[in-house]
Every structure is written in structure tokens, then in C-alpha cells.
Amino acid sequence: MMKKKINSAWLYLIVTATAVIMGYPLLWLFLAAFKENTEIFTSVSLLPKSFTLQGFISGWKSTAAIPFSVFLMNSCKMVVPTVLLTLLSASLVAYGFSRFEFRGKKLLFTVMLSTMMLPNTVIMIPRYILFNRFGWLNSYIPFYIMAAMASNPFFTYLLVQFFRGIPTTLDEAAYMDGAGKWQILIKIILPLAKAPIVSALLFQTVWTWNDFFNPLLYIDRVKSYPVSLGLRLAIDADSAVNWNSIIAMTCVSLLPVIILFLCMQKYFVQGIATTGMKN
């Protein structure tokens, strides 16, 4: 009994130490937002000598001559439709692979999985040429189209594994009650797949919100920049960088994602724990 308590104590100690190490950079980032610009890199103290909100005030009013609220709104315009279209397309494709039999199913599924091995640099230029010919550059249409076409096979694979774990007897019972294929998907499959859908939602939200390279590639107008490019633009715009403003706006840009994760945390953990399990 005593040995078990000692092992548990050591386990809690290791977990606590790991949490402190992993959380320290975020804690430093948050507290640095309240420091004077000259204090950030000249003091090793975690706490600021005197708390100030000047970084938040100046950073919100103007980031490279554009209010930071514009960048936040642009990120929402880019992220929200992209996430919704991703969930819609991935659910439809996963439903087809998990519930229907058709010619070439195994081959198509293998091809879909093989695209996960392709590095982004291989498809970067073809995508840019294609979107340029369609006249979709300097807009968020490339993000919407890629999401609507289920171009990220990770989410399809995530949902396929979960859909396969849902007993087909539920489909048969619904079919006997007069439900069609669409009704089975909407009223049975999707409600039971709430956990992996939330997991896909969180992954795609974080990846799209923090994406730097693709917006830089497809968007040229500064007024259309998301927060990732807006923060980088603030560094390029000034000869003397106001790091407290940049760090303060970084904290602001993290808030939507953190709040979303805290609200969906239960379903996210459940989705990671149950995806791929067979009933």
C-alpha cells in the first residue's frame, strides 16, 4: 500500500513538473504583455516591475497602420467557413467509405491515405497556378475550395475510423423504419460521432488560425491579412519593434482558440480516446 502511494506521488510530481515546463513559455508570454518594451529583454524577472496596459492599447489601435481588429475579423472570415466546409466534406466522404460498397473503394481509400505522405512543397506550386488561373488569389476562396473538396485526408481518415465503429445494425433498424441514406447520416451517424467531429473542428481551427505560409502565398492585400500575417507585418513595419504591443496582440489572438478548446475539451478528449475503437 505504501509503495503504491509513493509511486502515485512520484507520478504526480513528474506530471506537475512537466506541466510547469510546458506552461512556462505561455505564462512568460502573458506576463511580458504587461511589461514596458525596454524591460522585456533586459530583465530576467517573470513578473513585470510595473504593470502597464500600454502594449494592449497601442497594439490594438494600430498594427502596421491597420487596427488589429481588422486582422481578427479577417481570421474569422477565413477560419469559420473553412472549418464548417471541412467538417461537411470530411463527413460525407467518410460516410461513403465506411457505409457503402462500390468498385475501386479500396484503391480510392489507399490513394486518399497516400496523399497524407505528400509534403506541402510538392503541391504548393500546382495549387498556386490553378488558383491564379481561376482568379481566386487575394481572397479566401482557395481555403474554402480546399476545405469543400476534403483536401485534407487526415479528417476523413479520423471520421472513417469512428464511423466504422458504429454498428451497422443501427442503420438497418433505421432503414426498416423508413429512413433513407441521408436521414441515417444526419439523424444517427453524425449525432453519435459528435466527439470525433469536435476533434476535427478543433484541429482545423487551430491549424487554419495559426497558418502563416498559405495566407502569405495566396493573399497580397494587407487589409485582407489574418492575425498571423498581421503580427509579422508589425515587425517589418517599424525600425524599433514594440515587442510589448506584439506580445500583447499575440495573447489576444490566442484567446479565441483557447476559449474554444476549453468549451470543447470534454468532446475532444473523448474523440481522441474512442476514435478507431470497435464496438
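1. Let's start with the overall build of this predicted model. The protein chain is made of 13 helices and has zero strands. If you walk along the sequence, the pattern reads α-α-α-α-α-α-α-α-α-α-α-α-α. As you turn the model on your screen, you can keep a box in mind: the C-alpha atoms fill roughly 70 × 70 × 35 Å along the principal axes.

2. Next, the inside and the outside. The protein chain has 279 residues, and 38% of them count as buried. About 16800 Å² of the chain is exposed, with carbon and sulfur atoms supplying 70% of that area. For the charges, there are 22 positive and 10 negative ones, and their mean positions lie 7 Å apart.

3. How do distant parts of the sequence meet? Take the contacts in the protein chain with a separation of 6 or more: 73% of them come from residues 24 or more positions apart. Keep this in mind when you look at the single residues below.

4. A good residue to begin with is Ser253, which sits in helix H13, spanning residues 243–274. Is Ser253 buried or exposed? Its relative accessibility is 6%, so Ser253 counts as buried. Beyond residues up to four places away in sequence, Ser253 touches Phe68, Leu72, Trp209, Val227 and Leu231. The side chain of Ser253 also reaches the backbone oxygen of Thr250, at 2.7 Å.

5. Now to the cysteines. How many disulfides does the structure hold? The count is zero. A disulfide is a covalent bond between the sulfur atoms of two cysteines. For Cys251, the closest cysteine sulfur is in Cys76, and because it is 17 Å away, it is too far for a bond. Cys263 tells a similar story: the closest cysteine sulfur is again in Cys76, at 15 Å, and that is too far for a bond.

6. It is worth looking at the surroundings of these two cysteines as well. Cys251 has a relative accessibility of 11%, so Cys251 counts as buried. Cys263, on the other hand, has a relative accessible area of 56% and is therefore exposed.

7. Let's move to a loop. Where is Glu101? You will find Glu101 in the loop between helix H3 (68–99) and helix H4 (105–114). With a relative accessible area of 71%, Glu101 is exposed. The side chain of Glu101 is joined to that of Lys105 by a polar contact of 3.3 Å. Try finding Ile197 too: Glu101 and Ile197 are 96 residues apart along the chain, and their C-alpha atoms are separated by 23 Å.

8. Two residues deserve a look at their backbone angles. Asn138 has phi near 60°, a positive value in a residue other than glycine. Asn138 lies in the loop between helix H5 (120–134) and helix H6 (141–148), and at 21% relative accessibility Asn138 counts as partly exposed. Ala150 is the other one: its phi is positive, about 55°, although Ala150 is not a glycine. Look for Ala150 in the loop between H6 and helix H7 (153–165).

9. Back to a helix, with Leu84. This residue lies in helix H3. Is Leu84 buried or exposed? Leu84 has a relative accessible area of 53%, so Leu84 is exposed. Measuring tools in your viewer can help you follow the next pair: the C-alpha atoms of Leu84 and Tyr218 are separated by 20 Å, and the two residues are 134 residues apart along the chain.

10. Last comes Trp28, which belongs to helix H1, residues 2–32. Its relative accessible area is 25%, so Trp28 is partly exposed. Which residues does Trp28 touch, not counting residues up to four places away in sequence? They are Lys35, Ile40, Leu46 and Ile247. For a separation in space, pair Trp28 with Thr115: they are 87 residues apart in sequence and 39 Å apart, C-alpha to C-alpha.

Methods:
Residues numbered from 1 in each chain as written. Predicted model: local features only at pLDDT ≥ 70, side-chain atom pairs only at ≥ 80, totals over all residues. Heavy atoms only, no water. Helix = DSSP H or I, 4+ residues; strand = E, 2+ residues; numbered from the N terminus. Buried < 20%, exposed > 50% of the residue type's maximum accessible area, 1.4 Å probe, protein only. Contact = heavy atoms within 4.5 Å. Areas by Shrake-Rupley, 256 points an atom, 1.4 Å probe, with all protein chains shown as cover. Lys, Arg positive; Asp, Glu negative; His and termini not counted. Charge placed at Lys NZ, Arg CZ, Asp CG, Glu CD. Polar contact = N/O pair within 3.5 Å; in protein donor to acceptor, adjacent residues only side chain to side chain. Disulfide = S-S within 2.5 Å.
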